[in-house]
Amino acid sequence: MHIRVLIIQPGAFKDDLQVVLRHAVLDPTRSIPEFDALSYVWGPPEPKERVYLDNKTHYLDIGINLGVALRHLRYKDKTRAIWADAVCINQPDPEELGDQVRQMGTLYRLARRVIAWLGPEEDNSARAMDVLKDL
């Protein structure tokens with residue numbers, strides 16, 4: 001299975017999001033590259049957040065929910081490999097989209113970890129998380 005992985009460049013929360021897109025082969029019979037798979041809600045189509053590629057020579061506009069997730073997941077001092085469907089799948093290509101969606105179970109299983117991004121804290125959600133920890 002061939003996928004794309006976002007290599008998030010290090011930075012502070014408010015810094016521009018800079019990424020490199022890398023191709024990876026997920027073959028359980030070979031060494032699997034380490035990456036985290038991100039599960040999140042796409043959210044509304046607007047507003048968008050700009051993500052810079054290739055040392056700011058190109059850019060993508062992504063949904064604000066994904067942008068906030070990447071900002072929270074980015075490391076300050078090292079790169080991080082993330083698979084996020086909105087960017088790592090060529091959404092306008094119905095053949096690639098269908099193929100990747102059919103293989104998402106395998107992709108999530110082969111990821112180093114799966115991150116479920118629920119969004120930033122709001123409406124007292126930190127209290128809800130504390131209650132869940134106590135349970």
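Here are three short exercises on this predicted model, each with a worked solution.

Residues are numbered from 1 along each chain as its sequence is written, and side-chain values use heavy atoms, leaving out hydrogens and water. As the model is predicted, local features need pLDDT of at least 70 and side-chain atom pairs count only at pLDDT 80 or more, while totals for chains, interfaces and linings use all residues.

**Exercise 1.** Work out in what order the strands of the open sheet are arranged, and which helix packs on that sheet.

*Solution.* Start with the terms: helices (H or I, at least four residues) and strands (E, at least two) are DSSP runs, numbered from the N terminus. Two strands pair if DSSP finds at least two bridges between them.

Now read off the order: 7 strands run β5-β4-β2-β1-β6-β3-β7, with mixed pairing. The edges are β5 and β7 (113-117), each pairing on one side only. On average, neighbouring strands are turned by 40 degrees against each other, direction ignored. Axes here are lines fitted to C-alpha atoms, for helices over the stretch in contact, and angles run from 0 to 180 degrees between N-to-C directions.

Zoom in on one pair: β1 (residues 2-8) and β6 (residues 80-83) run antiparallel and share 3 bridges. Ile7, for instance, has Ala81 in β6 as its bridge partner.

Last step: helix α1 (residues 64-73) packs on the sheet, and its direction makes about 110 degrees with that of β5.

**Exercise 2.** Find out what surrounds Asp85, and say whether this residue is buried or exposed.

*Solution.* First place it: Asp85 is in helix α2 (residues 85-88). Asp85 is buried, that is, under 20% relative accessible area (exposed is over 50%, partly exposed in between; 1.4 Å probe, protein chains only).

Next, look for contacts (heavy atoms within 4.5 Å). Beyond neighbours within four places in sequence, Asp85 touches Tyr40, Trp42 and Gln91. With Tyr40 there's a side-chain polar contact of 3.1 Å.

**Exercise 3.** Track down which residues have unusual backbone geometry in the loops around β4.

*Solution.* A handy rule first: most residues other than glycine have a negative phi, and most peptide bonds are trans.

Before β4, a cis peptide bond joins Glu46 and Pro47, with omega about 0 degrees. Pro47 sits in the loop between β3 (36-40) and β4 (48-53).

After β4, check the loop leading to β5 (58-63), where Asp54 lies. Phi of Asp54 is positive, near 50 degrees, and Asp54 is partly exposed at 39% relative accessibility. Lys56 is in the loop between β4 and β5 too; its phi is near 70 degrees.

How values were computed:
Lys and Arg count as positive and Asp and Glu as negative; His and the chain ends are not counted. A salt bridge is a side-chain nitrogen of Lys or Arg within 4 Å of a carboxyl oxygen of Asp or Glu. A polar contact is a pair of N or O atoms within 3.5 Å; within protein, one must be able to donate a hydrogen and the other to accept it, and residues adjacent in sequence count only if both atoms are side-chain atoms.
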